[in-house]
Amino acid sequence: MSTTHHPIAHGGAPAHRPFHIVLTSAIAALAGLLFGLDIGVISGALPFIARHFQVGDQMQEWIVSSMMVGAAIGALGSGWMARAIGRKLSLMIGAALFACASAVCAFAIDPAMLIGGRVLLGLAVGIASFTAPLYLSEIAPRKMRGALISLHQLMVTVGILAAFLSNTAFSGKGDWRWMLGVIAFPAIAMLIGLVFLPRSPRWLMSVGRRDEAQAVLNRLRGDEKAIQTEMREIDDQLKVEFEGWGLFRSNRNFRRSVLLGVLLQIAQQLTGINVVMYYAPRIFGLAGYGSAHDQLWGTVIVGIVNVAATFIAIGLVDRWGRKPILYTGFTVMAAALASLGMLMHIGITTPAHQYAAVAALMIFIAGFAMSAGPMIWILCAEIQPIKGRDFGIAVSTFVNWVANTIAGATFLTLLNTLGHAQTFWLYAVLNAAFLLMTFWIVPETKDVSLEQIERNLMAGKPLRQLGQ
Ligand code: BGC
């Protein structure tokens, strides 16, 4: 991602120290990693859990989606928590909760305990997925913020891959308890790392601890003049802070940008991406791969394609722009899912059919990772006016998890009621619809300053013209 024009830059860049860059990147990375581990861990464990507890499809859907319910609640509640006790402490609670919840899942004696553990795990990820970007945007040098969103998404995909690999490693003995338990270790690493991090200067100033804020800025920036400028800017920002809900009620234009964020996140989730992330072994089963061994290696390939194609997005985002990338992605995804449905319709009977089905699945994953994966998160951060930014992002993140829950909680039921081919066709149609949605309401924000986007929004310009 280019550093000359950056999606979420406001104002000039203060000096910063390399130590600081490493530090913020590491936190972005770890928070992304937890997000990804959380998404990836269930697919490989699910078939073994189903066998162990003798549970059917509906209970499996509950086990999968309880985590997302927790995440939605966590994302919603963490706005309040981050304000009340600060970002650093919120993140530490998130990491500690993640570690404990993983242990609860690993030691579950019945499906109810497992579901409880997954809700807690979700709460932890909900907290991290809202608070980490917020904390980062407050301590990162301005020039780095957009790159950090991309890094965060990249680490989500790395986390998913790591979970798929660990699932595969533990699958020999069918050891779902280790699959679910082992992800506690990166959370503990994050918790320890967080102890050494500074508090957010902006939060410190918001609770009147100016001297501490200045000390943190000294440590991070090391340039006296830049620090004074930044503190003045924070003062200005604090005057307009907390306007989220009030602004939402009073300002129609802000409601439009919040709605756009919500629609973007619904589109991201209803591409069907997490149906693959959660139920990949089952899908490989439908494609004719019967053994657990084949299915789990299949998930590893899914994970690798997901990481690799994310680099395409990172390389293209500031050259092609957001809309061409989304057009390409939704087209590729719609075509791949339509083909997969077609193969299931005619019956996957020969090895050639099997390869074709796997290829279609991989093309779908690549289509998502090179487009909607990172792009939606970037757009959601770009379109909100500064006054309502935290609120707008909290709402769209919440909706991301709600839509994620709906996709996860309905997939097996759809397979059983609509049929296999029809389920994939349904998702193909949704992707085609999102192509049209991109055309009609998504703005092109490449090379446009956030101030310009905000001016256009507040002047009442149509959403698709916010970047003009
Ligand atoms: C989505 C997740 C998804 C992941 C896949 C993210 O952008 O928000 O729901 O599992 O991408 O890589």
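This passage describes how the two domains of the protein meet. The model is predicted. Domain 1 spans residues 15-197. Domain 2 covers residues 245-468. Their C-alpha centres are 20 Å apart. The contact draws 37 residues from domain 1 and 39 residues from domain 2.

About 3300 Å² of area is buried between domain 1 and domain 2. Carbon and sulfur atoms account for 74% of that area. On the side of domain 1, Glu61, Met68 and Phe164 lose the most area to domain 2. Together, these three residues make up 17% of what the domain 1 side buries.

Polar links also cross the interface. One salt bridge is found between domain 1 and domain 2. A salt bridge joins the side chains of Arg282 and Asp57, with an N to O distance of 3.1 Å. Asp57 falls within the bounds of domain 1, and Arg282 within those of domain 2. Five residue pairs are in polar contact across the interface, with both residues of each pair at pLDDT 80 or more.

Four helices each give two or more residues to the side of domain 1 that touches domain 2. They are α1 (18-53), α2 (57-84), α4 (111-139) and α5 (145-170). Asp57, the salt-bridge partner of Arg282, is at the start of the range of α2 (57-84). The domain 1 side of the contact comprises 24 nonpolar, 11 polar and two charged residues.

Note on methods. Residues numbered from 1 in each chain as written. Predicted model: local features only at pLDDT ≥ 70, side-chain atom pairs only at ≥ 80, totals over all residues. Heavy atoms only, no water. Domains from an automatic or database assignment. Contact = heavy atoms within 4.5 Å. Buried area = accessible area lost by both parts, 1.4 Å probe. Salt bridge = Lys/Arg side-chain N within 4 Å of Asp/Glu carboxyl O. Polar contact = N/O pair within 3.5 Å; in protein donor to acceptor, adjacent residues only side chain to side chain. Nonpolar A, V, L, I, M, F, W, Y, C, P; charged D, E, K, R; others polar.
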